[in-house]
Amino acid sequence: MAMLIETLPVEAKQSALDVVAAAFADHPLMPPDKPGKLKGSAARRMMGPLFGAFAKAPDLHWFGVRREDDPSKLRSFALVFEYGYEPPLIKLPGMVWMLMRSHGLRNALAFMRVLSQKHPGDDRRLELLILATDPNQQAKGLGRAMLQHLYEWAAERGYKAVVLESAKAPPAYDFYLREGFVVEKEVDLPNGVLCYMRRELGVETQPTD
């Protein structure tokens, strides 16, 4: 399947949120949707403030994948920036409030604790904050194509590694392991285990089925 990978403008935020909300609707660290709400509504409430909190991160880029046979629709989305950025305090109250409403106080505090923790090392790293693929387009190579694009893009800009956080649950966790990511440490959260993962640029990956 031929794909188009592009850098997205800020105006694509709503299309990106559509993909993210659908992809994370059943994520183990997301709260369930409330009765009568659209599927993915809880994920949308979570991700909207998260986008805003990291809007001023250095080297922030949004990337999208479209299918050449239907380029009108965004199929996969990634948000990356130079690792080490901490959102300004003025951005955090709104995000904490949304986290409390959608996750509860305990989960909100646990999530904020995760944001304050750091990956080890002092080399230049690219953080992959979000990678989401339309559920109807998963297992078709879009996510892997996005990662391959990010590896090349990051290496050209002088990054030494890509880091991310992933729930320790399939399919995302297994996917990142196949892509050459290794677990640096694990954090226990009320809804599951979150893994800090790292991939050195230039690592060979396992072939996918």
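Contact here means heavy atoms within 4.5 Å. The model is predicted.

1. **Tyr85 and its surroundings.** Leave aside the neighbours within four places in sequence, and Tyr85 is in contact with Ala53, Phe54, Lys56, Ala57 and Pro58. Tyr85 belongs to the loop between strand S3 (76-82) and helix H3 (92-103). Ala57 is 28 residues away along the chain, yet the two C-alpha atoms are separated by 5.9 Å.

2. **Tyr85, buried or exposed?** The relative accessible area of Tyr85 is 18%. Buried means under 20%, so Tyr85 counts as buried.

3. **Second largest pocket.** This pocket holds about 180 Å³ of space. Among its lining residues are Thr7, Lys13, Phe51, Phe54, His61, Trp62 and Leu79. By class, the lining has nine nonpolar, two polar and one charged residues. Phe54 appears in this lining and is also one of the contacts of Tyr85.

4. **Sheet layout.** Seven strands form an open sheet with mixed pairing, in the order S1-S2-S3-S4-S5-S7-S6. Strand S1 (3-7) and strand S6 (182-189) are at the edges. Each has a single partner strand, so one side of each lacks a neighbour in the sheet. From one strand to the next, the twist averages 25 degrees.

5. **The S1 edge.** S1 pairs with strand S2 (residues 61-67) in the antiparallel sense, over five bridges. Within this pairing, Glu6 stands opposite Gly64 in S2.

6. **Helices on the sheet.** Helix H1 (residues 13-23) lies across S2, S3 and strand S4 (125-133). The direction of H1 is at about 75 degrees to S4. Helix H5 (residues 142-156) also packs on the sheet. H5 touches S1, S2, S3, S4, strand S5 (161-167) and strand S7 (192-200). The directions of H5 and S4 make about 160 degrees.

7. **Strand S4.** How many residues of S4 are buried? Nine of the nine are, so S4 is largely enclosed by the rest of the structure. Strands of a sheet pair through backbone hydrogen bonds, either parallel or antiparallel. S4 has one pairing of each kind: S3 and S4 run antiparallel, joined by seven bridges, while S4 and S5 run parallel, joined by three bridges.

8. **Residue pairs along S4.** On the S3 side, Phe77 stands opposite Ala132 in S4. On the S5 side, the bridge partner of Leu126 is Val162.

Note on methods:
Residues numbered from 1 in each chain as written. Predicted model: local features only at pLDDT ≥ 70, side-chain atom pairs only at ≥ 80, totals over all residues. Heavy atoms only, no water. Helix = DSSP H or I, 4+ residues; strand = E, 2+ residues; numbered from the N terminus. Buried < 20%, exposed > 50% of the residue type's maximum accessible area, 1.4 Å probe, protein only. 1 Å grid on protein atoms, 1.4 Å probe; cavity = no way out; pocket = protein on both sides within 12 Å on 5 of 7 lines; lining within 4 Å. Points joined across faces, edges and corners; volume = space filled by probe spheres on them. Nonpolar A, V, L, I, M, F, W, Y, C, P; charged D, E, K, R; others polar. Pairing = 2+ DSSP bridges. Axes fitted to C-alpha atoms, helices over the stretch in contact; angles between N-to-C directions.
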